[in-house]
Amino acid sequence: MTVTDTHGAIDAVWRIESARIIAGVARIVRDVGLAEELAQDALVAALEQWPDSGVPNNPGAWLMAIAKRRAIDLIRRKETYQRKLAEMGHELEIGSNGVEDSVEDRVEAILEDTIEDDLLRLVFTACHPVLTTDARVSLTLRLLGGLKTDEIARAFLAPEATIAQRIVRAKRNLAKAEVEFEVPAGDDLIARLSSVLEVIYLIYNEGYSATAGDDWMRPALCNEALRLGRLLAELMPSEPEVHGLLALMEIQASRANARVGPNGEPVLLLDQDRRRWDRLLIRRGLESIDRAWGMEGTSPGPYLLQAAIAACHARAAEAEDTDWARIAGLYAVLAQVTPSPVVELNRAVAISMAFGPERGLVAVDALAAEPSLKDYHLLPSVRGDLLFKLGRLDEARAEFEKASGLTRNERERALLLDRAAAC
């Protein structure tokens, strides 16, 4: 394996394992910023050693072991290590070799006795009220999803420098406030829920449609978000929006096999072979929707509304059976609940499918001056599709070419260039 291949393998492993490593180490050091630094130390060690020694059989366990040793060294060096270990419920008995053995044994016990919701603890810790909502979401995407700063910026439609500063300040503020690494209880749990839902949703979206790179999807991120969503549903079984988000992810995940062609190319929703959709995931998603609507006093929130939209697609055996008028109506309600240019763009697509491309184009053109959509590749992509349907091929080609220059996903760029060529 070449050095380049090894670095590629390390990057892939880091994407999958970083959140678990950070969460596991955070349980020891009780500081998410410090836990990320220790995990990064393990990553640096891999970059230094693996090109010569080769990728280990269990690379995640290797990285965790290195991060664990860094945590042990750190605890051992700190004058207050006795207090830190006492906070973890351990009484140290120091003998000639007692310090080393006690620290090692305790850390090993913590790592082996891993509670299933460690990653959920990390989400709630990063979503502490001491941070702004944007900071909570940005930091958790960084820690939980292993996303790079530019990818988070893309998810927020915000400048990369803004996100970088936000993450640095967030970690500093958490450390300053000495935030506990825990899942909160009572009213505090409810207060942080909206940020947690947003974090899980953005992690899922990054897996469902990768921001950059050669792959259209990152299934590991989708699976992680689904796991977190299911854990959250167990933790908060009486919250409709929790079940709404889970339903949305389940139904969208049902299309995964049909979204990618034999060579990894994207397959758009209307072109997918719906026989390849996972009926079990669809059924689970629809059950989650029914569960949410069955709760007393339920009013539609953003995730339950999006799940209802996804359900319209799931219930249509063929693309032409889709109830686009209902979808357009649901997007109108969603735009009132959570006003957003992206929601309005999706509504414009639904309007075009229900009432014709002319009406859809009017709705899209109304968004042309929206600053947050200036570099959003789906705006010219949607406009190009509508112009193509109207037979305005030169204009359509220009829009597809513009969209291809804005996306950083190579699969999506190829798709857009193919559509431009078809004009």
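Mentor: Let's start with a term: a polar contact is a pair of N or O atoms within 3.5 Å, where one must be able to donate a hydrogen and the other to accept it. Keep in mind that we're looking at a predicted model.

Trainee: Okay, so which side chain does T149 join in a polar contact?

Mentor: T149 sits in helix α8, which covers residues 149-156. Leaving aside neighbours within four places in sequence, T149 is in contact with R142, E160, I163, A164 and I167. The side-chain polar contact, at 3.3 Å, is with R142.

Trainee: Is T149 buried or exposed?

Mentor: Buried means under 20% relative accessible area. T149 has a relative accessible area of 15%, so it counts as buried.

Trainee: Moving on to the rings, what kind of aromatic pair do W50 and W62 form?

Mentor: A search of the whole structure turns up three aromatic pairs. For W50 and W62, the centres are 5.2 Å apart and the planes make an angle of 70°. Planes over 60 degrees apart count as edge-to-face, so this pair is edge-to-face.

Trainee: Where in the chain do W50 and W62 lie?

Mentor: They're twelve residues apart, and the pair links distant parts of the chain. W50 is buried at a relative accessible area of 1%, whereas W62 is partly exposed at 22%. W50 belongs to helix α2 (residues 32-53), and W62 to helix α3 (residues 59-77).

Trainee: And how are the rings of Y204 and Y208 arranged, stacked or edge-to-face?

Mentor: Both tyrosines are buried. They're four residues apart in helix α10 (residues 186-208), so about one helical turn separates them. Their ring centres are 5.6 Å apart with 20° between the planes, and that makes the pair stacked.

Trainee: Which residue lies over the face of F355?

Mentor: There are charges over rings in this model, and one of them is R255, over the face of W277 at 5.8 Å from the ring centre. Over F355, at 4.5 Å from the ring centre, lies R359.

Trainee: Last one: are α14 and α15 roughly parallel or roughly antiparallel?

Mentor: The axes of α14 (residues 302-315) and α15 (residues 324-337) come within 10 Å of each other and cross at roughly 170°. The contact includes L305, I309 and C312 of α14, along with W324, L330 and V337 of α15. Angles over 145 degrees fall in one class, so the two helices are roughly antiparallel.

Conventions:
Residues numbered from 1 in each chain as written. Predicted model: local features only at pLDDT ≥ 70, side-chain atom pairs only at ≥ 80, totals over all residues. Heavy atoms only, no water. Buried < 20%, exposed > 50% of the residue type's maximum accessible area, 1.4 Å probe, protein only. Contact = heavy atoms within 4.5 Å. Phe/Tyr/Trp six-rings, centres within 6.5 Å; stacked < 30°, edge-to-face > 60°. Lys NZ or Arg CZ within 6 Å of the ring centre and 35° of its normal. Axes fitted to C-alpha atoms, helices over the stretch in contact; angles between N-to-C directions. Parallel < 35°, antiparallel > 145°, perpendicular 65-115°, else oblique.
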